[in-house]
Amino acid sequence: MEETVESSVTEGESTIEKRDRKAMREFEEGLDQPMDEEANMLKNMNKEKGLSMLMLLRLSFQSLGIVYGDLGTSPLYVFYNTFPDGINDSEDVIGALSLIIYSLLLIPLIKYVFIVCKANDNGQGGTLAIYSLLCRHANVNLIPNQQRSDENLTTYSRTLVAEGSFAAKTKKWLESRHSKKRALLVIVLLGTCMMIGDGILTPAISVLSATGGIKVNNPKMSTDIVVFVSIVILIGLFSMQHYGTDKVGWLFAPIVLIWFLFIGATGIYNICKHDTRVLKAFSPTYIYVYFRRRGQDGWISLGGILLSITGTEALYADISYFPLQAIQLAFTLFVFPCLLLAYCGQAAYLVNHKEHYKDAFYASIPESVYWPMLIVATGAAIVGSQATISGTYSLIKQAVSHGCFPRVKIVHTSKKFLSQIYCPDINWILMIGCIAVTASFKNQIDIGNAYGTAVMVVMIVTTLLMVLTMLLVWRCHWILVLIFAVLSLVVELSYFSAVLLKVNEGGWVPLIIAAFSLLVMFVWNYVTVKKYEFEVYSKVSMSWILGLGPSLGLVRVPGIGLVHTELASGVPHIFSHFITNLPAIHSVVVFVCVKNLPVYTIPEEERFMVKRIGPKTFRMFRCVARYGYKDLHRKDDNFENQLFDNLFSFIQTETMMESYSNYSNSAYYVNHTHVSRDELICNNNNYDNNNNNMVVFSSMFDTIIPPDSPHSAMSFSENYIVEEEEEEEEGEDELEFLKTCKETGVVHIMGNTVVKARKGSLLPKKIAIDYVYRFLAKMCRANSAILHVPHETLLNVGQVYYV
């Protein structure tokens with residue numbers, strides 16, 4: 001019996017403790033509420049505009065230089081890589097041509113241009129853009145810093161999942177375990193790393209293939225000379241990157257247009273002159289005949305055939321530059337026919353000149369246009385390389401925003417187009433990689449094998465992500481998703497199996513590049529997530545802050561202290577660490593959180609959100625600055641001034657909202673004088689939350705009029721007028737006080753953290769954190785440099801994080 005009583009008491013005490021903890025949590029949330037009210041006040045300023053046919057044609061023309069430069073240079077090297085050991089039978093050329101035709105039809109045209117390109121994040125393409133789309137439709141982000149207010153953003157497009165649907169079941173399965181989220185991120189990073197490898201291999205093979213035409217008229221010329229000329233062009237190409245594509249972009253579209261017209265006209269010429277029978281390759285039966293005749297050699301030759309569709313993955317990554325309709329129009333009516341004519345023309349020439357398999361492209365060109373074609377081919381190769389390099393910069397920027405890559409310097413090269421950027425560190429790494437690949441292999445065969453491996457991995461990753469996108473975002477029926485996945489994977493895995501047979505012949509290059517890049521990205525993301533978890537775990541309780549008193553138990557010195565933190569809610573541990581070692585703080589404290597969201601951009605009018613923390617006497621605020629993966633902290637954007645403009649606007653808005661709140665609260669009290677003080681405070685809280693009013697903690701007590709007070713007989717209108725004037729004066733005083741503090745001085749307080757592995761951690765974890773991450777952290781840019789914080793206003797607070 002006694003045991004039963006003790007148990008009941010224990011259970012009772014446990015229930016009371018739980019109730020107390022819940023009450024304390026609700027109390028603290030009331031002091032530091034989410035920023036849903038501010039988010040609801042933001043207006044949708046973006047409106048889609050229709051495109052006229054003339055504008056659509058103009059954009060289609062411009063897209064040639066940016067989007068299709070890489071895909072258009074493939075005819076330079078496809079047949080050489082398909083038949084590296086020579087052509088034995090003319091029918092083999094017909095079979096290879098049939099494979100090329102249907103590869104272009106199935107992969108670039110049907111799959112990418114009309115299906116995959118529609119899976120864009122407000123016009124942004126690439127594997128990380130799809131990942132951002134999935135992060136908004138499912139809770140798969142490893143850094144859980146998103147709030148409900150973020151969903152109200154103009155660019156935060158998301159659709160709700162119906163309960164019990166197949167999409168809901170898929171979403172639940174994906175969110176069920178942390179390991180599945182991390183596996184999804186690894187798949188995305190693998191595709192990203194292969195795209196970085198693409199940025200190294202594309203300039204190498206394109207420029208080397210274009211300059212290889214010099215040897216056609218000079219057969220005795222050494223290969224080393226061709227390699228030297230290619231390296232000189234590559235050095236010049238990467239040295240000009242800091243000028244930006246905007247300076248020379250007007251040349252891109254005309255060069256590629258002339259290139260496509262040349263290869264299309266040359267194709268028609270060769271078909272009419274040499275052999276029109278190659279047109280029978282449009283029959284898919286010749287694919288079956290090709291594999292039956294060549295057997296394993298035919299299967300291995302798929303590694304060369306797939307080079308005809310290289311550049312397709314770059315097409316998807318570069319769709320942000322132009323509307324989807326313009327890209328579809330350009331490819332369907334111009335690029336696709338010209339490529340078909342070019343390949344058919346080369347095949348017609350090779351049927352009668354099998355000995356020219358090494359230089360099929362230049363050998364099939366009429367002598368009268370040889371030199372113009374060589375010049376245009378070199379220009380097209382440079383343009384195609386430029387598009388891939390620019391795409392790599394954008395990819396790195398997306399990875400940095402997602403917390404998957406060290407912070408590198410990013411420079412805007414255009415004031416009109418924010419997507420045109422330049423990364424100096426990445427640029428020189430790409431240049432060294434291109435030169436090393438070109439000088440080491442010296443021929444198209446090995447580089448082509450490496451190029452094919454990188455392209456196929458990216459395509460397979462895109463297919464896997466598209467399956468999730470079709471289920472969670474598009475809500476397609478699972479049968480349609482299954483058909484898409486099966487057809488895509490059958491084709492792509494066939495090509496991938498062929499390039500795997502050539503791993504020892506150059507295919508290992510992108511694997512090494514991807515392995516190194518994946519190590520960097522995975523380690524950086526892993527430690528970033530652990531740091532955020534440490535911040536959340538060690539944040540300071542609001543009850544502790546309240547216990548310090550109005551002056552926080554410190555000496556309040558004139559000025560404003562901007563405490564930078566990764567937390568969007570709660571008081572960071574760095575604050576308590578700071579005031580413990582230095583018992584003084586500025587008169588005004590603002591907790592600044594720069595948060596990256598899985599959206600491509602955030603309009604400036606929606607970027608900053610400000611909230612008061614605690615009573616007014618504390619002079620404490622929170623400012624959350626939200627950025628998308630296409631947004632940058634540019635030097636001409638004064639982050640500090642923008643922050644204070646939004647802070648001052650918040651004070652003015654708060655004053656007006658409090659006046660309205662006092663009107664409502666006073667009316668409520670006059671009609672219900674029997675309500676207790678605590679009940680009234682609770683009711684005020686509920687009323688304010690329901691009506692999205694930014695009422696602060698101190699104002700909860702200002703509107704209460706005791707029943708026995710002489711002022712209770714005063715008319716309601718007189719009460720309201722007096723209180724409104726007092727609130728306005730108080731708001732103006734606080735605003736003047738903040739401006740005075742700003743003039744006195746602003747100090748940025750940032751954490752200078754050192755991350756170490758916990759004692760007893762496994763050896764791989766110690767190596768990753770204590771050596772790899774520490775090296776990357778020393779090499780990357782500091783947060784102060786990204787936000788352009790002057791050194792004289794920077795105060796670093798040292799901390800050690802054990803993860």
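**A guided tour from strand β5 to the cysteines**

Begin by selecting Phe608, whose bridge partner in β6 is Ala625. The model on display is a predicted one. Next, extend the selection to β5 and to β6, which covers residues 620-627; the two strands run antiparallel and are joined by 5 bridges.

**The sheet**

Now display the whole sheet to which these strands belong. It is open and consists of 6 strands, in the order β5-β6-β4-β3-β7-β8, with mixed pairing. Select β5 (608-612) and β8 (794-802) together: these strands stand at the edges, and each has a single partner strand, so one side of each is left without a neighbour in the sheet. When the view is rotated, a turn between adjacent strands can be followed: on average, neighbouring strands of this sheet are turned by 25° against each other, direction ignored.

**Thr211 and its surroundings**

Move next to helix α9, residues 178-211, and select Thr211, which has its place in this helix. Is Thr211 buried or exposed? Thr211 is buried, since its relative accessible area is 3%, and the limit for that term is under 20%. Show the side chain of Thr211 and follow it to the backbone oxygen of Val207, which it reaches at 2.9 Å. Then add Val226, Val229, Ser230 and Ile233, which Thr211 touches when residues up to four places away in sequence are not counted. Finally, select Thr378: between Thr211 and Thr378 there are 6.6 Å in space, C-alpha to C-alpha, although the two are 167 residues apart in sequence.

**The cysteines**

Remain in the model and select Cys193. Which residue holds the cysteine sulfur closest to that of Cys193? The residue is Cys404, and its sulfur lies 9.7 Å from the sulfur of Cys193, too far for a bond. A disulfide is a covalent bond between the sulfur atoms of two cysteines. The structure as a whole holds 0 disulfides. Cys193 is buried, with a relative accessible area of 1%, whereas Cys272, the next residue to select, is exposed at 61%.

**The whole chain**

To conclude, clear the selection and view the entire chain. Its secondary structure comprises 31 helices and 8 strands. The chain has 803 residues, of which 54% count as buried. The accessible surface comes to about 35400 Å², and 60% of it belongs to carbon and sulfur atoms. Among contacts between residues at least 6 apart in sequence, 85% join residues at least 24 apart.

Notes:
Residues are numbered from 1 along each chain as its sequence is written. This is a predicted model: local features need pLDDT of at least 70, side-chain atom pairs count only at pLDDT 80 or more; totals for chains, interfaces and linings use all residues. Side-chain values use heavy atoms; hydrogens and water are left out. Two strands pair if DSSP finds at least two bridges between them. Helices (H or I, at least four residues) and strands (E, at least two) are DSSP runs, numbered from the N terminus. Axes are lines fitted to C-alpha atoms, for helices over the stretch in contact, and angles run from 0 to 180 degrees between N-to-C directions. Buried means under 20% relative accessible area, exposed over 50%, partly exposed in between (1.4 Å probe, protein chains only). Contact means heavy atoms within 4.5 Å. A polar contact is a pair of N or O atoms within 3.5 Å; within protein, one must be able to donate a hydrogen and the other to accept it, and residues adjacent in sequence count only if both atoms are side-chain atoms. A disulfide is a pair of cysteine sulfur atoms within 2.5 Å. Accessible areas come from the Shrake-Rupley method with a 1.4 Å probe; for residues, only the protein chains shown count as cover.
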